[in-house]
Amino acid sequence: MGKQTLPARSQYGWRWLLVLLGGVSWLSIGCNPQSLSMMLMPFNGDNSVEPEYKLFVKDKEIALAIVSNFARPEIHPDLQAADAELAEQVATAFRKRCAENKNKIKIVPYAQVRSQLLKQQLEGGEASPVEIGKRLKADYVLDLSINSFNLYEKNYHPPMYRGNANIAVNLYKVEVKDDVHKVFGKEYPRIFPGGSGPIDASSMTPSSFRNTFLLRVADDIAKMFIAYSPDEKH
């Protein structure tokens with residue numbers, strides 16, 4: 001028997017069905033060529049964006065201490081304790097992303113870090129991040145030095161919120177063989193909100209806006225060391 005073929009009408013029917021499905025898919029992704037290319041790409045089980053510094057090794061737990069300080073004494077009442085709040089927010093962001101990526105982390109409570117810093121100050125000196133890490137039995141120390149930090153847009157009346165910060169982000173490995181402890185360093189500037197313009201200061205308290213701003217900052221810092229979804233890249 002010869003090879004059977006579908007009637008011409010059936011072949012045209014299948015072709016129209018494929019065209020219809022393609023059109024529905026195009027509309028569902030908003031006619032976005034980038035989204036279409038992602039849809040047509042071969043499936044990749046792990047297409048996460050790699051961090052700037054790969055902190056974690058598979059199945060190995062890391063003990064991390066976070067040190068956060070103003071580079072210069074801060075006296076503005078709306079910024080008091082923002083350094084401690086930043087450390088706590090970064091710790092929370094690390095825990096969340098580590099849980100998502102199944103990384104093992106143990107973060108030294110900030111109260112212990114602060115206690116060590118105050119103790120060193122009372123003794124008449126400043127302990128280096130590595131010394132702090134050794135005392136707290138940490139594998140790494142994340143040192144966050146706040147060079148500048150403010151909540152208000154300049155030259156606006158009535159006041160408007162627009163967070164502006166510059167933070168030196170430095171990571172130190174406590175135990176090394178070559179005596180080079182600093183493994184990562186970066187100046188991190190952040191403005192919030194960005195292009196949408198400032199926020200009416202009467203819409204929330206300074207502490208609420210500061211908390212919202214620091215949430216964004218903390219998440220950005222965590223992404224420097226932990227892989228994240230491509231959807232978060234922009």
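Two strands count as paired here if DSSP finds at least two bridges between them. Keep that in mind for the views below, which come from a predicted model.

**View 1. Strand β4 meets the short strand β6.** Strand β4 and β6 (residues 199-200) are joined by two bridges and run antiparallel, so the pair satisfies the cut-off of at least two. Look for Tyr 161, whose bridge partner in β6 is Ile 199.

**View 2. Strand β4 alongside β3.** Here β3, residues 140-152, runs antiparallel to β4, with 11 bridges joining them. A handy spot to pick out is Val 141, which sits opposite Tyr 172 of β4.

**View 3. Strand β4 alongside β5.** Another antiparallel pairing shows up here: 10 bridges link β4 to β5, residues 182-192. Zoom in on Leu 171 and you'll find its bridge partner in β5, Phe 184.

**View 4. How covered is β4?** The strand spans residues 160-173, and 11 of those 14 residues are buried, so call it mostly covered. As a general point, side chains in a regular strand alternate between the two faces of the sheet.

**View 5. Glu 52 and its neighbours.** Glu 52 lies in the loop that links α2 (33-40) to β1 (62-70). Leaving aside residues up to four places away in sequence, Glu 52 touches Phe 184, Lys 186, Lys 223 and Met 224. Phe 184 is the β5 residue from View 3, where it partners Leu 171. The side chains of Glu 52 and Lys 186 make a polar contact of 2.8 Å.

**View 6. Glu 52 and Lys 223, far apart in sequence.** These two residues are 171 positions apart along the chain, yet their C-alpha atoms are separated by 8.0 Å.

Technical notes: Residues numbered from 1 in each chain as written. Predicted model: local features only at pLDDT ≥ 70, side-chain atom pairs only at ≥ 80, totals over all residues. Heavy atoms only, no water. Helix = DSSP H or I, 4+ residues; strand = E, 2+ residues; numbered from the N terminus. Contact = heavy atoms within 4.5 Å. Polar contact = N/O pair within 3.5 Å; in protein donor to acceptor, adjacent residues only side chain to side chain. Buried < 20%, exposed > 50% of the residue type's maximum accessible area, 1.4 Å probe, protein only.
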